[in-house]
Each structure stands twice: as C-alpha cells, then as structure tokens.
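Reader: I am in my first year and still learning to read structures like this one. Could you take a single part and go through it slowly with me?

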Amino acid sequence: MITDDIRNIEKYREIPKEICEFIKNMPADCGRHEINSEDYVNIEIYETKSPEKGIFESHKKYIDIQIILSGTERIDFTDMAGLTVDIPYNDEKDIIFYKRENLTAGRVILKEGQFAVFYPHEAHMPQLTAEGQSVTVKKAVVKIKV
C-alpha cells in the first residue's frame with residue numbers, strides 16, 4: 001500500500017503517466033469515466049460508516065488508487081492471506097468480500113487531496129468513519145488493470 005498527497009502522484013513510476021495526467025484533469029461529476037480501453041475511474045459521494053459495519057475486500061484484475069476529493073475517511077488494510085472468504089470472487093465486478101474476523105489491521109486516515117494505492121494482494125476496508133462520526137466523502141477510485 002502507498003499513501004501520499006495527490007501532488008506527489010507523478011513520483012511513483014508504477015503509476016502510468018497517462019493515469020497521472022487524467023487525475024490532474026479529472027472530471028467532477030459522479031459516475032464511471034473511461035481513461036482508456038482498460039483503465040477507468042469511479043467518482044462517488046457517500047456517508048462514512050462505523051468500522052463495525054465495514055467489510056474487507058480485494059481485487060484480482062485492478063489496482064485501486066483511492067483519492068479523497070472532499071471529506072475525511074479511514075481505510076483499514078491487511079494482507080488477504082489472513083482472511084476467510086465470505087462472498088467468493090465475482091469476475092464481472094472484480095471483487096472478493098471477506099468475513100469479519102478479529103485481526104490486527106493497519107489503518108490510514110485520508111483527507112482531501114490525499115490518496116492510497118491498494119494492490120491485488122492487499123485487502124482493504126474503505127468508507128470508514130475517521131473521527132467518530134459519519135461525514136460526507138467525495139472520492140475517486142482509479143482502477144488500473146494489472
């Protein structure tokens with residue numbers, strides 16, 4: 001996992017230049033936006049939820065770059081090897097959900113203008129309340145095909 005300020009995104013060589021350029025000029029409206037024939041971004045607005053309501057997820061086909069456009073969000077993360085599958089892999093949606101288990105997970109608090117990169121081997125639990133109460137978050141999730 002990588003976390004940083006969006007101003008530094010071009011410093012990461014594993015993020016293609018085309019993606020960095022798209023992020024600089026990202027559309028403001030919610031929904032799915034195609035970057036090229038394989039990569040895209042989903043822009044969404046939602047209320048954060050308590051960690052007790054969160055669910056770990058991971059992907060096989062895409063790397064996630066989760067960018068906070070407004071608000072503050074906590075994202076927990078862990079190696080998926082320590083998790084038990086709850087809802088098997090959905091190839092169409094490229095997602096696996098895991099059972100809630102007592103485990104030690106890392107966490108990151110992202111504020112406006114910050115991002116986190118999650119690779120396919122990293123399970124993550126997004127959209128969590130960062131400071132004890134729910135807030136409205138606008139987030140872009142860039143999906144880069146691996």
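Author: What follows is a close look at strand 12 and the parts around it.

This is a predicted model, in which local features need pLDDT of at least 70 and side-chain atom pairs count only at pLDDT 80 or more, while totals for chains, interfaces and linings use all residues. Residues are numbered from 1 along each chain as its sequence is written, and side-chain values use heavy atoms, with hydrogens and water left out.

Strand 12 covers residues 136–145; helices (H or I, at least four residues) and strands (E, at least two) are DSSP runs, numbered from the N terminus. Eight of the 10 residues of strand 12 are buried, where buried means under 20% relative accessible area, exposed over 50%, and partly exposed in between (1.4 Å probe, protein chains only).

Strand 12 belongs to an open sheet of six strands, paired antiparallel in the order 1-10-5-12-3-2; two strands pair if DSSP finds at least two bridges between them. On one side, strand 3 (residues 40–47) runs antiparallel to strand 12 and is joined to it by eight bridges, with Tyr46 having Val137 as its bridge partner. Strand 5 (residues 62–70) also pairs with strand 12 in the antiparallel sense, again over eight bridges, and here Ile67 stands opposite Ala140. Strand 5 is joined in turn to strand 10 by four bridges, and in that pairing Ile67 stands opposite Phe115.

Helix 1 (17–24) packs on this sheet, touching strand 2, strand 3, strand 5 and strand 12, and its direction makes about 160 degrees with that of strand 12; axes are lines fitted to C-alpha atoms, for helices over the stretch in contact, and angles run from 0 to 180 degrees between N-to-C directions.

The largest nonpolar core has 19 residues, and Ile67 and Val142 are among those that touch the most other members; such a core is a set of buried Ala, Val, Leu, Ile, Met, Phe, Trp, Tyr and Cys residues joined through side-chain atoms within 4.5 Å. Strand 12 is one of the elements that supply at least two residues of this core, while helix 1 gives the most, with four residues. Apart from it lies another core, of eight residues, and Val137 is among them.

Finally, Thr48, in the loop between strand 3 and strand 4 (57–58), is in contact with residues including Val137, contact meaning heavy atoms within 4.5 Å. Thr48 counts as buried because its relative accessibility is 5%.

Notes
Lists of a residue's contacts leave out its neighbours within four places in sequence.
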